[in-house]
Amino acid sequence: MACLERSKVVSQKLTGTQIERAEEAANYAHAIGRDFTHQLSIHWEHADGDGRVQDRQQRFLICVRRWLERRGEELVSLWVVEPDKIGKGCHVHTLLYLPRRLVPAFVEMLPVWTNTQPLDAREVRKAKTKYRLKYSKGAVAWCGYPEQMESPVCLLQRRYDGSERLVKYLLKAEAAQPRHHGKVVGKRIGYSNSIGPAQWQSARTSQLQDSVQAQ
């Protein structure tokens with residue numbers, strides 16, 4: 001039997017294997033001193049442009065990776081697709097390691113990468129009060145469209161309070177938490193190559209060699 005294309009796979013929750021691999025990636029990020037510092041939420045289906053959520057997310061990450069490489073940094077990221085609680089569609093939460101010195105320039109690039117416009121913080125606060133939406137803690141930037149400010153397409157939040165809490169939030173659609181389950185078509189979770197399996201295996205091999213030499 002032929003395997004179903006990943007783009008057509010339908011899931012309702014994260015699997016145990018997905019969660020384990022995501023935690024492994026996060027642990028490796030911590031081991032190399034690249035704990036996640038920011039959370040980026042993007043409602044791709046509400047942004048101008050074409051393509052599936054996963055395809056647009058991938059193109060975005062390619063842009064970010066190249067941008068960081070030109071500034072001497074690797075892309076360190078972990079992302080999860082989640083269904084919207086209100087209405088149809090999906091959004092993506094992405095955890096990122098961003099050096100403080102690059103955050104202002106990163107914020108300036110977000111509208112370009114997401115095909116949106118920067119939104120004024122004061123106006124967003126007013127809109128959130130009007131529509132009784134929870135104000136986003138640690139918000140650094142909002143992007144979207146002025147006529148739709150009650151629902152920013154893109155939100156960047158500063159999160160210097162620990163990667164472990166962030167990872168738990170991203171992985172909340174586990175089997176034990178059915179209230180966070182929901183239909184997602186296509187790839188549901190991913191991480192950058194910088195904290196992927198090849199890196200874990202290399203680190204383990206190095207540790208094993210050091211252990212043998214120490215004996």
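**Exercise 1. Decide whether aspartate 55 is buried, partly exposed or exposed, then place it in the fold.**

Solution. Start with the number: the relative accessible area of aspartate 55 is 34%. Buried means under 20% and exposed means over 50%, so aspartate 55 counts as partly exposed. Next, find its element: aspartate 55 sits in helix α2. Finally, look for a partner far off in sequence. Serine 7 is 48 residues away along the chain, yet the two C-alpha atoms are 9.5 Å apart in space.

**Exercise 2. This is a predicted model, so find out which element has the highest mean pLDDT and which the lowest.**

Solution. Take the whole protein to begin with: its mean pLDDT is 85, and 83% of its residues reach 70 or more. Now go element by element. Helix α2 comes out highest, with a mean of 97, while helix α6 (residues 197–214) is lowest at 67. Keep a friendly caution in mind: where pLDDT is low, the predicted coordinates should not be read in detail.

**Exercise 3. Trace the strand order of the open sheet and name its edge strands.**

Solution. Walk across the seven strands: the order is β5-β6-β7-β2-β4-β3-β9, and the pairing is antiparallel. The edges are β5 (117–118) and β9 (189–191), each of which pairs on one side only. Zoom in on the β9 end. Strand β3 (residues 77–83) is joined to β9 by three bridges, and valine 80 has isoleucine 189 as its bridge partner in β9.

Then add the helices. Helix α1 (residues 16–31) packs on the sheet and touches β3 and β9, its direction making about 25° with that of β9. Helix α3 (residues 103–114) lies across β2 (38–42), β4 (90–96), β5, β6 (139–144) and β7 (154–158), at about 20° to β6.

**Exercise 4. Check whether the length of α1 agrees or disagrees with the expected span, and list its buried residues.**

Solution. Helix α1 has 16 residues, and at 1.5 Å a residue, counting one less than the number of residues, the expected span is 22 Å. The end C-alpha atoms are 22 Å apart, so the two values agree. For burial, the list is Ile19, Ala22, Ala25, Ala26, Tyr28 and Ala29. After the helix comes glycine 33, with a positive phi near 75°.

**Exercise 5. Work out which element gives the most residues to the largest nonpolar core.**

Solution. This core holds 29 residues, and Leu40, Phe60, Phe106 and Leu110 touch the most other members. Elements giving two or more residues are β2, α2 (53–69), β3, β4, α3, β6 and β7. Of these, α2 gives the most, with six. As an example of the contacts, leave out residues up to four places away in sequence: phenylalanine 60 then touches Leu40, Ile42, Trp44, Leu110, Trp113 and Thr114. A second, separate core has 21 residues, including Phe36, Leu95, Leu170 and Ala173.

**Exercise 6. Classify two loop residues, proline 99 and asparagine 115, by accessibility.**

Solution. Proline 99 belongs to the loop between β4 and α3. Its relative accessibility is 9%, so proline 99 counts as buried. Threonine 37 is 62 residues from proline 99 in sequence but 8.1 Å away in space, C-alpha to C-alpha.

Asparagine 115 is in the loop between α3 and β5. With 43% relative accessibility, asparagine 115 counts as partly exposed. Check its backbone too: phi is positive, near 60°, in a residue other than glycine. Most residues other than glycine have a negative phi.

Methods:
Residues are numbered from 1 along each chain as its sequence is written. This is a predicted model: local features need pLDDT of at least 70, side-chain atom pairs count only at pLDDT 80 or more; totals for chains, interfaces and linings use all residues. Side-chain values use heavy atoms; hydrogens and water are left out. Two strands pair if DSSP finds at least two bridges between them. Helices (H or I, at least four residues) and strands (E, at least two) are DSSP runs, numbered from the N terminus. Contact means heavy atoms within 4.5 Å. Axes are lines fitted to C-alpha atoms, for helices over the stretch in contact, and angles run from 0 to 180 degrees between N-to-C directions. A nonpolar core is a set of buried Ala, Val, Leu, Ile, Met, Phe, Trp, Tyr and Cys residues joined through side-chain atoms within 4.5 Å. Buried means under 20% relative accessible area, exposed over 50%, partly exposed in between (1.4 Å probe, protein chains only). pLDDT is the predictor's confidence in each residue, from 0 to 100.
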